[in-house]
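Want to get to know a new protein by working through it yourself? Take a look at the sequence and the model first, then try the exercises below.

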Amino acid sequence: MKILLVKLAFILSLGNPGNNEYSKMHTTESGELNLSKLHQIESLIRKKAGAEFEKSHENSFTLNGYNVYTAVVDRNFGPDIYEESFYDVKNPDNIYKMRLIKNTYGEWELAVLIKENDGVSNYHACFDKFGRMLEDDPWGTHEGYTIEIFDLYRKYRKMYSKKVDLQ
């Protein structure tokens, strides 16, 4: 009983240990958290691209009226590219895309595009091998290069679940 009370006090004082990662905010310097999320995105796209990666690295299908595409390109001397997109067959102007690139040095680039009737959201960001966001915009435009990429990714995932998964 004492152990149970101590555990309860610990959880109440520090929060649920299993949910701490989601309560933290992504920042340009929160390397481990950023890397964890980038690995999670890679894993999700790999699963959707096909269970047997070596045999099937591309997967296109229609589900609940949405065309869905996932692909993984694995190169020995270049970047690994993970892509996913979907759009409504009845309204192909509304399109949702995500691209994750990992180069041989362990650096990452994540880009998300959400184009709907009310406008376009398009962010990207680059991270070093430690998960810290690079300050210089690799595209040289200073538009859409932001740590808010993770907020747009969350929005993208919600839309995917709402529109494509429809459970």
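What follows is a set of exercises on this predicted model, each with a worked solution.

**Exercise 1. Work out how many helices and strands the protein has, and in what order they come.**

Step 1: count the elements. The secondary structure comes to four helices and six strands.

Step 2: walk along from the N terminus. The order reads α-α-α-β-β-β-β-β-β-α.

Step 3: add some overall figures. The protein has 167 residues, and 38% of them count as buried. The accessible surface comes to about 10800 Å², with 53% of that belonging to carbon and sulfur atoms. Among contacts with a separation of 6 or more, 38% join residues that sit 24 or more positions apart.

**Exercise 2. Find the largest nonpolar core and say which element gives the most to it.**

Step 1: recall a general idea. In soluble globular proteins, nonpolar side chains tend to be buried together.

Step 2: look for that here. The largest nonpolar core holds 31 residues, and Phe86, Met98, Leu110, Val112, Phe127 and Tyr156 have the most contacts inside it.

Step 3: trace who contributes. At least two residues each come from α3 (31-49), β2 (66-73), β3 (80-88), β4 (95-102), β5 (108-116), β6 (119-127) and α4 (149-165). The most comes from α4, which supplies eight residues.

Step 4: zoom in on Tyr156. Setting aside neighbours within four places in sequence, Tyr156 is in contact with Glu84, Ser85, Phe86, Tyr96, Lys97, Met98, Val112 and Ile114.

**Exercise 3. Check whether the lengths of α3 and α4 agree with or depart from the expected spans.**

Step 1: start with α3. The helix has 19 residues, so at 1.5 Å a residue the expected span is 27 Å. The end C-alpha atoms of α3 are 27 Å apart, so the two values agree.

Step 2: do the same for α4. This helix has 17 residues and reaches 22 Å from its first C-alpha to its last, close to the expected 24 Å.

Step 3: list what is buried. In α3, the buried residues include Leu35, Leu38, Ile41, Glu42 and Ile45. In α4, Ile149, Tyr153, Tyr156, Arg157 and Tyr160 are among them.

Step 4: bring in helix geometry. An α-helix has 3.6 residues a turn, so residues three or four places apart point the same way.

**Exercise 4. Describe the largest pocket, then place Lys97 beside it.**

Step 1: size it up. The largest pocket has a volume of about 200 Å³.

Step 2: name the lining. There are 15 lining residues, and Lys97, Met98, Arg99, Ala111 and Leu113 lie nearest the centre. Two or more lining residues come from each of β3, β4, β5 and β6, and β5 gives the most, with four.

Step 3: follow Lys97. This residue sits in strand β4. Its relative accessible area is 40%, so Lys97 is partly exposed. Not counting residues up to four places away in sequence, Lys97 touches Glu84, Ser85, Ala111, Val112, Leu113 and Tyr156. The C-alpha atoms of Lys97 and Tyr156 are separated by 8.3 Å, with their positions 59 residues apart along the chain.

**Exercise 5. Decide whether Gly131 and Asp128 are buried or exposed.**

Step 1: locate Gly131. You'll find Gly131 in the loop between β6 and α4.

Step 2: apply the cut-off, which is under 20% for buried. Gly131 has 0% relative accessibility, so it counts as buried.

Step 3: see what surrounds Gly131. Apart from neighbours within four places in sequence, its contacts are Thr28, Ser30, Gly31, Asn34 and Leu35. Gly31 is 100 residues apart from Gly131 along the chain, yet their C-alpha atoms are separated by 3.8 Å.

Step 4: repeat for Asp128. That residue is also in the loop between β6 and α4. With a relative accessible area of 13%, Asp128 is buried. Beyond residues up to four places away, Asp128 touches Gly106, Glu107, Trp108 and Leu134.

**Exercise 6. Say where Asn64 is and what its phi looks like.**

Step 1: recall the usual case. Most residues other than glycine have a negative phi.

Step 2: check Asn64. It has a positive phi of about 55 degrees, although it is not a glycine.

Step 3: place Asn64. The residue is in the loop between β1 (58-63) and β2, and it is partly exposed, with a relative accessible area of 38%.

Conventions
Residues numbered from 1 in each chain as written. Predicted model: local features only at pLDDT ≥ 70, side-chain atom pairs only at ≥ 80, totals over all residues. Heavy atoms only, no water. Core = buried A, V, L, I, M, F, W, Y, C linked by side-chain atoms within 4.5 Å. Buried < 20%, exposed > 50% of the residue type's maximum accessible area, 1.4 Å probe, protein only. Contact = heavy atoms within 4.5 Å. Areas by Shrake-Rupley, 256 points an atom, 1.4 Å probe, with all protein chains shown as cover. Expected span 1.5 Å × (residues − 1). 1 Å grid on protein atoms, 1.4 Å probe; cavity = no way out; pocket = protein on both sides within 12 Å on 5 of 7 lines; lining within 4 Å. Points joined across faces, edges and corners; volume = space filled by probe spheres on them.
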